Amino acid sequence: MKITILNGSPRKENTSAMVDAFAEGAQEAGHEVEVLQVGKMKIAGCMGCEYCHGKGEGQCIQKDDWQKVQPAYEDCDMVVFASPIYYFTLTAQMEAAIQRIYCIGQPPKATKAAMLLSSGSPGVYDGAIAQFKGYTGFTGIENAGVITAAGDENQSEAKLAEIREFAKNL
């Protein structure tokens with residue numbers, strides 16, 4: 001299975017350990033993994049102009065780093081959204097990447113999705129999880145699960161082992 005991980009963190013320390021653990025577990029199980037650092041990319045939010053659904057034939061009129069993400073998203077069998085939670089929601093960079101998925105709508109190959117969320121405080125995930133459930137419901141992709149880590153748990157070997165095991169068992 002080809003897995004694309006969209007890491008929405010603009011800072012290395014926020015979700016990198018979780019993403020690395022997921023990638024290790026998935027690769028151990030024989031999956032191909034590509035990590036895209038969307039948190040460090042320049043991706044504008046969707047303008048709702050509908051160019052993609054008309055003249056653009058699935059391509060956005062905006063020319064930015066989304067052109068690096070779209071081919072990987074279209075070609076993956078599973079997508080993983082990884083993001084720190086900043087004030088009760090995903091990073092703005094992750095939000096922009098998710099909005100731009102609109103030009104594609106249903107991913108042509110992906111059948112599964114998962115989410116990895118990191119925060120400094122517990123109990124701040126409801127908005128991001130609701131958005132993820134909305135995404136999987138709309139696209140018809142299987143919700144493979146959501147893993148959260150708060151505070152010191154973000155770097156704990158127990159949490160990283162849980163993530164590796166989760167990825168191995170996809």
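A residue is called buried when its relative accessible area is under 20%, exposed when it is over 50%, and partly exposed in between. These terms are used in the legends below, which show close-up views of a predicted model.

**Overall confidence of the predicted chain.** The mean pLDDT of the chain is 95. Of its residues, 99% reach 70 or more. Among the elements, strand β2 (residues 32–36) has the highest mean pLDDT, 98. Helix α1 (residues 12–28) has the lowest, 91.

**The salt-bridge network of Lys2, Asp75 and Lys109.** The structure holds 9 salt bridges. One of them joins aspartate 75 to lysine 109, with 3.0 Å between the closest N and O atoms. The two partners come from distant parts of the chain, 34 residues apart: aspartate 75 belongs to helix α2, while lysine 109 sits in the loop between α3 and β4. Lysine 109 has a relative accessible area of 40% and is therefore partly exposed. Aspartate 75 is also partly exposed, because its relative accessibility is 29%. Lys2 is linked to this pair in the network.

**Salt bridges of Lys159 with Glu153 and of Glu157 with Arg164.** Lysine 159 and glutamate 153 meet through their side chains at 3.7 Å, N to O. The partners differ in exposure: lysine 159 is buried, at 9% relative accessibility, whereas glutamate 153 is partly exposed, at 34%. In the other pair, the closest N and O atoms of glutamate 157 and arginine 164 are 2.9 Å apart. Arginine 164 has a relative accessibility of 19%, so it counts as buried.

**Valine 38 in the largest nonpolar core.** This core has 34 residues, of which Val38 and Phe81 touch the most other members. At least two of the core residues come from each of α2, β3, α3, β4 (112–119) and α4. A second core, separate from this one, has 21 residues, among them Val33, Val80, Ala149 and Phe166. Apart from neighbours within four places in sequence, valine 38 is in contact with Leu6, Asn7, Gly8, Ile43, Val69, Gln93, Met94 and Ala97. Of these contacts, Met94 and Ala97 are among the buried residues of α3, and Val69 is among those of α2.

**Packing of the buried residues of helices α2 and α3.** In α2 the buried residues are Trp66, Val69, Gln70, Ala72 and Tyr73. They pack against β1, β2, β3, α3 and α4. In α3 the buried residues are Met94, Glu95, Ala96, Ala97, Ile98 and Arg100. Their cover includes β1 (2–7), α2 (66–75), β3 and α4 (126–139).

**Surroundings of arginine 100 in helix α3.** Is the residue buried or exposed? Arginine 100 has a relative accessibility of 2% and therefore counts as buried. Not counting residues up to four places away in sequence, arginine 100 touches Ile43, Ala44, Gly45, Cys46, Cys60, Gln62, Asp64, Trp66 and Gln67. One of these residues, Trp66, is itself buried in α2.

**Lysine 42 in the loop between β2 and α2.** Lysine 42 counts as exposed, at 65% relative accessibility. Leaving aside neighbours within four places in sequence, its contacts are Asp64 and Asp65. Asp64 is also touched by arginine 100. The C-alpha atom of lysine 42 is separated by 28 Å from that of glycine 140, which is 98 residues away along the chain.

**Glutamate 50, a residue other than glycine with positive phi.** Glutamate 50 lies in the loop between β2 and α2. Its phi is near 70 degrees. At 37% relative accessibility, glutamate 50 is partly exposed.

**The nonpolar surface patch of Tyr86, Tyr87 and Phe88.** These residues make a patch of about 400 Å². Tyrosine 87 lies in the loop between β3 (78–84) and α3 (92–100). Its relative accessible area is 75%, so tyrosine 87 is exposed. Phenylalanine 88 is found in the loop between β3 and α3. The phi angle of phenylalanine 88 is near 75 degrees, a positive value in a residue other than glycine. As a general tendency, nonpolar side chains in soluble globular proteins are buried together.

Technical notes: Residues are numbered from 1 along each chain as its sequence is written. This is a predicted model: local features need pLDDT of at least 70, side-chain atom pairs count only at pLDDT 80 or more; totals for chains, interfaces and linings use all residues. Side-chain values use heavy atoms; hydrogens and water are left out. Patches are made of residues with over 30% relative accessible area and no salt bridge: like charges are joined within 9 Å, nonpolar side chains (Val, Leu, Ile, Met, Phe, Trp, Tyr) within 5 Å. Accessible areas come from the Shrake-Rupley method with a 1.4 Å probe; for residues, only the protein chains shown count as cover. A salt bridge is a side-chain nitrogen of Lys or Arg within 4 Å of a carboxyl oxygen of Asp or Glu. Helices (H or I, at least four residues) and strands (E, at least two) are DSSP runs, numbered from the N terminus. Buried means under 20% relative accessible area, exposed over 50%, partly exposed in between (1.4 Å probe, protein chains only). pLDDT is the predictor's confidence in each residue, from 0 to 100. Contact means heavy atoms within 4.5 Å. A nonpolar core is a set of buried Ala, Val, Leu, Ile, Met, Phe, Trp, Tyr and Cys residues joined through side-chain atoms within 4.5 Å.
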